[in-house]
Amino acid sequence: GQPNTCATVSTFVNLPWGFKLAYGMLSDAVPICGLHRKPYMVLGWGMLWGGALLLAVLPTLTLPLASTIFLCMTVSYLLADCAADAVLVALSAREAAEARGSLISTAYLIRHSVNVLANGVVAFCYNGPPSGGSFSWGLTTQQLMWIIVAFVGVLMGASLPFLHEAPPGKQLSFRRRCKQLLRLLQQAPVWRLIVALVSITTLSLVTNQAQINANAQWFHIEPLQLGLSACFQSLMMAVGMWAFKRYLLQASWRLTYAGGILGTQLFSLLYLLTIFVPLFKNGWWYVFTQVDMSLAYALTSAIGIVVIPEITVPGFEGVIYGAVTTYTNQAMNVANAINNLLLAVWPSNTNNDELKALAPTGRHSLVMAI
């Protein structure tokens with residue numbers, strides 16, 4: 001699709017990530033059958049499984065229909081994810097002070113490690129004629145959804161029946177819960193952390209949404225390379241989480257966060273070589289630059305996760321986790337809105353044909369947006 005269309009669809013599908021506070025509050029305050037976590041995990045994963053099944057059985061997919069279904073699947077995933085993360089936060093808060101954060105960083109290490117496998121499957125199985133790849137065979141979107149249906153179905157059957165959750169104690173009224181949440185968010189360590197995460201996330205994610213399309217037009221990046229890039233990025237995120245847990249758990253979080261931000265920005269400058277130096281005009285160099293950025297980003301991501309058990313209180317794990325991550329994710333939405341505006345500032349970047357024949361002045365405009 002055209003760069004502006006791709007950017008709009010991406011923003012639309014990822015909108016639910018900016019409302020994790022609501023999912024966390026729902027899990028904390030509204031029990032289902034007397035339980036706060038397990039029912040939401042079952043409901044969320046069940047709805048996601050149903051969305052993947054619907055995509056798999058539909059004979060044809062239009063962009064509006066597919067985007068709407070993926071939006072609903074994102075909501076479903078986040079419903080289950082926020083409940084599961086609330087359990088992790090509660091368990092992490094019980095860890096000894098010198099080891100606090102170890103459990104939650106281990107969970108994210110496992111998550112990113114599994115993402116390596118998932119992205120690898122997409123890289124090699126979604127690189128055929130249906131997706132414009134270089135292989136002589138490849139899966140369609142519907143066929144790829146069948147893999148998700150099978151994988152999620154097996155995981156649900158193997159894990160959800162064995163989850164145990166103790167019945168909750170005395171429940172606060174919704175009004176009292178909102179008042180206590182407001183007091184928690186007004187604490188200096190909490191609001192300062194949120195302001196720092198939102199500001200830095202917004203600034204670090206402002207870029208040119210036409211970059212992916214430009215890569216495809218200039219360097220003939222194939223779905224295989226995009227898939228392997230995502231695979232290696234997940235691997236670097238896993239390595240970064242392991243390094244944080246092994247070496248930086250007791251280090252200054254301010255220095256670690258600053259190092260991650262500076263590293264991400266420095267590695268992003270490597271993309272300039274892709275534009276101006278002929279030696280680096282190939283898709284595999286682009287894959288390398290994205291992998292480096294992920295390793296640095298893992299440090300900032302780890303800090304935003306492990307500090308949550310330090311500021312939460314019992315019964316508010318979901319909403320505190322949701323609040324911190326919601327503000328960060330809203331920063332992503334703000335950055336996406338700015339990125340979409342940049343496409344209007346440089347019209348030559350909004351059309352694939354113009355990107356393919358981009359003159360040196362047009363390349364300079366792409367660099368300015370990056």
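At 57% relative accessibility, Gly132 lands on the exposed side of the 50% cut-off. Gly132 sits in the loop that links helix H5 (102-125) to helix H6 (141-159). Along the chain, Gly132 and Pro223 are 91 residues apart, yet their C-alpha atoms are separated by 7.4 Å. The model is a predicted one, and everything below should be read with that in mind.

Stepping back to the whole chain, the fold is built from 17 helices and zero strands. Of its 370 residues, 44% count as buried. Pairings between distant parts of the sequence figure heavily here: among contacts with a separation of 6 or more, 78% come from residues 24 or more positions apart.

Helix H2 (residues 20-29) is a handy place to look at how the helices meet. Two packed helices are described by the angle between their axes and the distance between the axes. For H2 and helix H4 (residues 63-93), the angle is about 55 degrees and the axes are 9 Å apart. That angle makes H2 oblique to H4, and the crossing of H2 past H4 is right-handed. On the H2 side, the contact is made by Lys20, Tyr23, Gly24, Leu26 and Ser27, while H4 brings in Val75, Leu78, Leu79, Asp81, Cys82 and Ala83. Sorted by class, this contact of H2 with H4 comes out as seven nonpolar, two polar and two charged residues.

H2 also has a partner in helix H7 (residues 174-185). Here the axes come within 11 Å and cross at roughly 130 degrees. An angle of that size falls outside the roughly perpendicular range of 65 to 115 degrees and is not over 145, so H2 and H7 are oblique to each other as well. The crossing of H2 past H7 is, once again, right-handed. From H2, the residues involved are Met25, Asp28 and Ala29, and they meet Phe174, Arg177, Cys178 and Leu181 of H7. The class tally for the contact of H2 with H7 is five nonpolar, no polar and two charged residues.

Back at the H4 contact, Lys20 deserves a closer look. Lys20 belongs to helix H2, and despite being a lysine it has a relative accessible area of just 3%, so it counts as buried. What surrounds Lys20, once its neighbours within four places in sequence are left aside? Its contacts are Leu78, Asp81, Cys82, Tyr321, Gly322, Thr325, Thr326 and Asn329. Leu78, Asp81 and Cys82 are also listed among the H4 residues that meet H2.

The cysteines make for a mixed picture. Cys82, one of the residues in contact with Lys20, is buried, with a relative accessible area of 1%. Cys178, on the H7 side of the contact with H2, is partly exposed at 30%. Cys33 goes further still and counts as exposed, because its relative accessibility of 79% is over 50%. Cys33 lies in the loop between H2 and helix H3 (38-57), and its phi is near 55 degrees, a positive value in a residue other than glycine. As for sulfur bridges, a search of the whole structure turns up zero disulfides.

How values were computed:
Residues are numbered from 1 along each chain as its sequence is written. This is a predicted model: local features need pLDDT of at least 70, side-chain atom pairs count only at pLDDT 80 or more; totals for chains, interfaces and linings use all residues. Side-chain values use heavy atoms; hydrogens and water are left out. Axes are lines fitted to C-alpha atoms, for helices over the stretch in contact, and angles run from 0 to 180 degrees between N-to-C directions. Helices (H or I, at least four residues) and strands (E, at least two) are DSSP runs, numbered from the N terminus. Angles under 35 degrees count as roughly parallel, over 145 as roughly antiparallel, 65 to 115 as roughly perpendicular and the rest as oblique. A crossing is left-handed if the near helix is turned anticlockwise from the far one by less than a right angle, and right-handed if clockwise. Contact means heavy atoms within 4.5 Å. Ala, Val, Leu, Ile, Met, Phe, Trp, Tyr, Cys and Pro count as nonpolar, Asp, Glu, Lys and Arg as charged, and the others, Gly among them, as polar. A disulfide is a pair of cysteine sulfur atoms within 2.5 Å. Buried means under 20% relative accessible area, exposed over 50%, partly exposed in between (1.4 Å probe, protein chains only).
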